[in-house]
Amino acid sequence: KRGDLFRSLSVQITANGLLAIGVSVALSKSFMVGMESTGWAVLAAVIGLSVFWFGVAVFERVYGIVSDWTLLELCSPDNPLLSDLNRQAPGTYAHSIGVGSLSEAAAREIGANSVLCRAMAYYHDIGKIARPSYFLENQSGENAHDSMPASLSAKVISAHVKDGIELAKKARLPQVIIDGIEQHHGTSLISYFYQRALNEPAAGEVDPAKFRYDGPKPQSAEAGILHLADMVEAASRTVSTKEGLDKVVIGLIDATIADGQLDECALT
């Protein structure tokens, strides 16, 4: 927040001013010299803050560092990608906002970067812009998957990750956001269509590897939180009671751990 900068500036001004007055009085015992030194001290604090603000922008560009200010800017609904998502896939947009709230709250609880979690959540499903009607949250009538083989449906569903990465790179989003898009499903099984494939006539032997996302698995605590929040938010809309929701959430987390999806991230 901008208020943080002003608080930092006030601390610098106070410290510099007291130091300037103390040194000036000790050396010259002149009130005017002390006031002049204090003025220079205040100016130094203002210049220091300005250099810092400019330096953050420069270092972000040169070294690929992403500050919380940049992440907060990315969370603005006015961002072109988020505007497109809201217009073309409003159900996915609402889902992403919900995932952002869950992720941010969870990150605060364990000391992870809550702003990063929210930013990754807002963009994790932007690939659905390419085919919004193939995802349940955007459907209002006929389901296109009803007339498709399960294997093809799984490919369409998993493609939103690659589509999202392409859109993010085109928009020059930070790599940490791209990582969130790439890792938010890990290598998890697209279980609905896998089960449907098993029940299809003359299905024969169904290879589960063909019904898994490409991954990689979440590599950071924030990506792991996003992975869990994405599943929980989607499942929560199908449960009507708190007791039922608790059971579903615990079941999802246990299944994710058993599947090894959190093995490579910093979550215990």
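Here are some questions and answers about this predicted model.

Reader: Before we dig in, what pLDDT do local features need?

Author: Side-chain atom pairs count only at pLDDT 80 or more, totals for chains, interfaces and linings use all residues, and local features of this predicted model need pLDDT of at least 70. Residues are numbered from 1 along each chain as its sequence is written, and side-chain values use heavy atoms, leaving out hydrogens and water.

Reader: Which element gives the most to the largest nonpolar core?

Author: A nonpolar core is a set of buried Ala, Val, Leu, Ile, Met, Phe, Trp, Tyr and Cys residues joined through side-chain atoms within 4.5 Å; buried means under 20% relative accessible area, exposed over 50%, and partly exposed in between, with a 1.4 Å probe and protein chains only. The largest one has 38 residues, and those touching the most other members include Leu71, Tyr123 and Phe193. Elements giving two or more residues include H3 (68-74), H7 (150-170) and H10 (221-236), where helices are DSSP runs (H or I, at least four residues) numbered from the N terminus, as are strands (E, at least two). The top giver, with seven residues, is H6.

Reader: How many residues are in the second, separate core?

Author: Its members include Cys117, Ala221, Ile225 and Cys265. The count is nine residues.

Reader: Which side chain makes a polar contact with that of Asp163?

Author: Asp163 is found in helix H7 and counts as buried, because its relative accessibility is 15%. Contact means heavy atoms within 4.5 Å, and Asp163 has Gly127 and Ala130 among its contacts beyond four places in sequence. A polar contact is a pair of N or O atoms within 3.5 Å; within protein, one must be able to donate a hydrogen and the other to accept it, and residues adjacent in sequence count only if both atoms are side-chain atoms. At 2.6 Å, the partner is Arg131.

Reader: Is Arg172 buried or exposed?

Author: Arg172 sits in the loop between H7 and H8. Its phi is near 60°, a positive value in a residue other than glycine. With a relative accessible area of 77%, Arg172 is exposed.

Reader: Where is the loop that holds Pro216?

Author: Pro216 is joined to Gly215 by a cis peptide bond, with omega about 10°. The loop holding Pro216 lies between H9 and H10.
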